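User: Could you take a close look at the pockets in this one for me? I'd like a connected walk-through rather than a list.

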Amino acid sequence: MNRIEKAAVNSPARRALQRFYEVPALLRLAGGPLPPGSRAVEIGCGSGYGTRMILDRFRAVRVDAIDLDPTMVARARRRLADRQGRVRLAVGDATDLTSVFGAEDGTYDAAFDFAIIHHIPDWRAAVAEIARGLKPGGVFVFDEVTAHALARPSYRLLFEHPEHDRFTAKEFLAELPRHGLAVTGAFTRINGDYLLGAARKQDPDRG
Ligand SMILES: C[S@@+](CC[C@H](N)C(=O)[O-])C[C@H]1O[C@@H](n2cnc3c(N)ncnc32)[C@H](O)[C@@H]1O
């Protein structure tokens with residue numbers, strides 16, 4: 001992320017959008033808070049505001065949260081200081097949860113992507129890693145920025161994102177079943193610029 005995007009992501013406006021719009025919408029799409037005792041992973045946790053939402057609103061009992069940027073993880077550590085014991089924070093790449101958290105296949109009840117997968121050059125590898133880390137029946141909750149938004153002059157002027165192979169909402173939703181993730185609900189906003197949704201990891205034994 002460049003400095004402008006970092007400032008935007010860490011702004012009160014971003015936190016308000018996340019708290020008052022995105023999280024209520026994602027809770028509806030996910031069918032409500034997680035079952036008691038749920039363990040979650042959050043990729044690209046940034047300053048940890050979403051991590052708080054996962055604990056308080058989605059009611060996960062524990063969250064493993066990862067971000068590539070050490071300065072963001074340091075912010076998250078400060079924000080979540082009162083949640084020690086329920087949050088494990090780490091600097092690392094979302095495409096490899098095993099090296100960082102030792103996450104075996106089927107470790108998590110829920111996985112959260114608050115606007116990060118569009119930053120990953122091999123975004124399909126991130127989807128595959130999320131699917132691998134989820135238990136059968138686990139939920140993947142996502143809030144993404146699509147190729148439509150990234151192609152806008154304002155986005156190109158202000159922010160820096162990988163340019164090759166970005167996804168539309170349709171392409172992102174089509175990728176999920178390839179990794180055993182069945183979409184349970186999704187919608188786009190602002191003419192397809194943003195995609196919010198939820199998907200469940202299928203149980204291979206149940207077909
Ligand atoms: C647009 S910010 C979103 C931050 C936060 N989730 C939010 O909604 O405010 C994207 C975040 O993803 C992180 N990131 C980018 N690529 C990553 C990767 N491969 N693995 C983990 N985090 C990554 C960035 O450092 C940044 O903090």
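User: Before the pockets, among contacts in the protein chain between residues at least 6 apart in sequence, what percentage join residues at least 24 apart?

Analyst: That comes to 71%. Keep in mind that this is a predicted model. The chain has nine helices and seven strands, and 50% of its 207 residues count as buried. Its radius of gyration is 16 Å, which agrees with the value near 17 Å for a compact globule of 207 residues.

Now for the pockets. The largest pocket has a volume of about 990 Å³. It is lined by 48 residues, and the closest to its centre are Met1, Glu5, Val9, Ala115 and His119. Several elements give two or more residues to that lining: the helices α1 (3-9), α2 (12-29) and α3 (49-56), plus the strands β2 (62-67) and β5 (134-145). The largest share comes from α2, with six residues. By class, the lining of the largest pocket splits into 22 nonpolar, 14 polar and twelve charged residues.

The second largest pocket has a volume of about 160 Å³. Here α7 (147-150) and α8 (153-158) each supply at least two lining residues. The lining runs through Ala147, Leu150, Ala151, Tyr155, Arg156, Phe159, Glu160, His161, Pro162, Glu163 and Arg166. Sorted by class, that gives six nonpolar, one polar and four charged residues.

As for the outside, the accessible surface of the chain comes to about 9,700 Å², with 54% of it belonging to carbon and sulfur atoms.

Key: Residues numbered from 1 in each chain as written. Predicted model: local features only at pLDDT ≥ 70, side-chain atom pairs only at ≥ 80, totals over all residues. Heavy atoms only, no water. 1 Å grid on protein atoms, 1.4 Å probe; cavity = no way out; pocket = protein on both sides within 12 Å on 5 of 7 lines; lining within 4 Å. Points joined across faces, edges and corners; volume = space filled by probe spheres on them. Helix = DSSP H or I, 4+ residues; strand = E, 2+ residues; numbered from the N terminus. Nonpolar A, V, L, I, M, F, W, Y, C, P; charged D, E, K, R; others polar. Rg over C-alpha atoms; globule rule 2.2 N^0.38 Å. Buried < 20%, exposed > 50% of the residue type's maximum accessible area, 1.4 Å probe, protein only. Contact = heavy atoms within 4.5 Å. Areas by Shrake-Rupley, 256 points an atom, 1.4 Å probe, with all protein chains shown as cover.
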